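Trainee: I would like to learn how to read pockets, cavities and domain contacts in a model. Could you walk me through one?

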Amino acid sequence: MSYLDLDRLTEEDDLIRRNVHKLAEEVLRPLSIKVDRMDPRDRVAPGSPLYDAIREMKRMGLHRIHLPKDRGGLGLTNLQRYIIDEELGWASLGFATLIGVDAIPFTIAALFGSERVKEELVKPWLEDTEGRYIGCWGVTEPEHGSDYILAFRDREVESFGKGNVVIERDGDEWVINGQKSAWVSAAPVCTHMGLHAQLRDGRSLRDGAFVIVPLNLRGVRKGEPVDMLGNRDCPQGPVFFDNVRVPDDYVIAQPPFYELFSDQLLNLTSVNMGAFSVGLARAAFEEALKYARSRIQGGKPLIEHKNIKLKIYEMFERVETARYYVRKAMDFVYTKFFVEQSFTTPPRYARAAQVYAKKIAFEVAHDALQIFGAYGLSREFIIEKLFRDARALLIEDGTVEALSLDAADDIILNYNL
Ligand SMILES: Cc1cc2nc3c(=O)[nH]c(=O)nc-3n(C[C@H](O)[C@H](O)[C@H](O)COP(=O)(O)OP(=O)(O)OC[C@H]3O[C@@H](n4cnc5c(N)ncnc54)[C@H](O)[C@@H]3O)c2cc1C
């Protein structure tokens, strides 16, 4: 019995699954455990195992899974994209997040950038197998976390206040000032940021721009990497902008396109986060099943005790049901965006996929840890890491509450009875 029994995989699907699982099991997961246990500064210092993981993922082309073939992508089906995401989530939420945010600025530049941007930024990133080009996604700010999730539907958005990063045009360049939050994934190691910034004369966070910022420009400063409870294998840290100048071409989206664009980008990240969450949940379920088969208490394996049996079934049910909803939502969102080039896909399905999968990942990791007893809290098994990572999931890429509120606004306004 395998985890994709309900699907009819083609030979190519199965080959992709086996290859990515091999990388996940033999390379990424062991490296992620090492990185997780390191001091935040050591994690990003030269020689860190983090860079081995980035190189391995780039060599397999995992940064190119989103783009269609004619834009330099691997030309995968949506099911194949899903399979890769789930395997990455199974290996390490941190590495999955890292390769996910890496793709954001460059994938967007490949789709909407000028020829110059494609030549200067996208081409070398596509060809990179060493981790010389690493992207990140700068959205949240010291004073705006959930605000950025809710900004595109909340009628009172103007009361949210001014953005902490502002951008204004100066001749044929743009000037950026301000600070992104300390939580930007991969910021300490990345070379380029897909930045959301409010226009200096904008009325709310909706009046913004999406800009590709090379982080070696004058005026960019990175803060210290932060020490977090979970997702530690993806370093996080703040980025400061002091009169940073970018060419006009690097501003990819401005009003009125910016609003539509940002909403669709969150749809894309939502379904990817959903798939990572299912992968994490499956990892916790499999660890619990393995352990419950081997641990003897009351004279028999744990698996023969009714309460444990029920827990195993419930975990299985959650992983399976989440997988099929996330897959369907991912297929819907990717087809709308990449094939139909639609910018009006409603957020409710992608948000439901993300929120549901994050919740079940936390529940499954919680129940799995309980099956391990005290061993679950020790570092002898990976389950304590999965539990910490599952907790981070409930906040990363939007808290489950903010994502749900945003989806609720869409449902209340647009659901046809
Ligand atoms: C592991 C991890 C990775 C991350 N990676 C990135 C990244 O790559 N790029 C990036 O830009 N950011 C990143 N973040 C930041 C993340 O998106 C924010 O932490 C998240 O959106 C919540 O914002 P906040 O932390 O400021 O919490 P707040 O917005 O201050 O929320 C605090 C609490 O109040 C609730 N709340 C907030 N506003 C409302 C409201 N209007 N109505 C009701 N309840 C509300 C929230 O649900 C939450 O429980 C990451 C965070 C984590 C933990």
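Mentor: Gladly, and let us begin with residue classes: Ala, Val, Leu, Ile, Met, Phe, Trp, Tyr, Cys and Pro count as nonpolar, Asp, Glu, Lys and Arg as charged, and the others, Gly among them, as polar. Keep in mind as well that this is a predicted model.

Trainee: With those classes, how many residues of each kind are in the lining of the largest pocket?

Mentor: The lining of the largest pocket has 26 nonpolar, 17 polar and four charged residues. The pocket itself has a volume of about 1,000 Å³. It is lined by 47 residues, and W137, S185, E396, D397 and G398 are the closest to its centre.

Trainee: Which helices supply at least two residues each to that lining?

Mentor: They are α4 (78-91), α5 (93-112), α7 (146-150), α8 (257-294), α9 (306-339) and α11 (383-393).

Trainee: Now for enclosed space. What is the general idea?

Mentor: Rolling a probe the size of a water molecule over the atoms shows where empty space is left. In this structure there is one cavity of 30 Å³ or more, and the largest cavity has a volume of about 40 Å³.

Trainee: Which residues line the largest cavity?

Mentor: The lining is made by I33, D36, R37, F381, I382, E384, K385 and R388. Two elements, α1 (11-36) and α11, give two or more residues to it, and α11 has the largest share, with three residues.

Trainee: And how does that lining divide by class?

Mentor: Five of its residues are charged, three are nonpolar and none is polar. Domain 1 (11-127) and domain 3 (257-414) each contribute at least three residues to it.

Trainee: You mention domains. Which ones does the assignment give?

Mentor: Along with domain 1 (11-127) and domain 3 (257-414), the assignment has domain 2 (135-253). To read a pair of domains, look at their spacing, then at their contact. The C-alpha centres of domain 1 and domain 2 lie 22 Å apart, and the contact takes 31 residues from domain 1 and 25 residues from domain 2.

Trainee: How much area is buried between domain 1 and domain 2?

Mentor: About 2,300 Å², with carbon and sulfur atoms giving 65% of it. On the domain 1 side, R43, P105 and L121 lose the most area to domain 2, together 20% of what that side buries.

Trainee: How many salt bridges are found across this interface?

Mentor: The rule finds four between domain 1 and domain 2. For a salt bridge to look at, try R232 and D36, whose side chains meet at 3.7 Å, N to O. You have seen D36 before, in the lining of the largest cavity.

Notes
Residues numbered from 1 in each chain as written. Predicted model: local features only at pLDDT ≥ 70, side-chain atom pairs only at ≥ 80, totals over all residues. Heavy atoms only, no water. 1 Å grid on protein atoms, 1.4 Å probe; cavity = no way out; pocket = protein on both sides within 12 Å on 5 of 7 lines; lining within 4 Å. Points joined across faces, edges and corners; volume = space filled by probe spheres on them. Helix = DSSP H or I, 4+ residues; strand = E, 2+ residues; numbered from the N terminus. Domains from an automatic or database assignment. Contact = heavy atoms within 4.5 Å. Buried area = accessible area lost by both parts, 1.4 Å probe.
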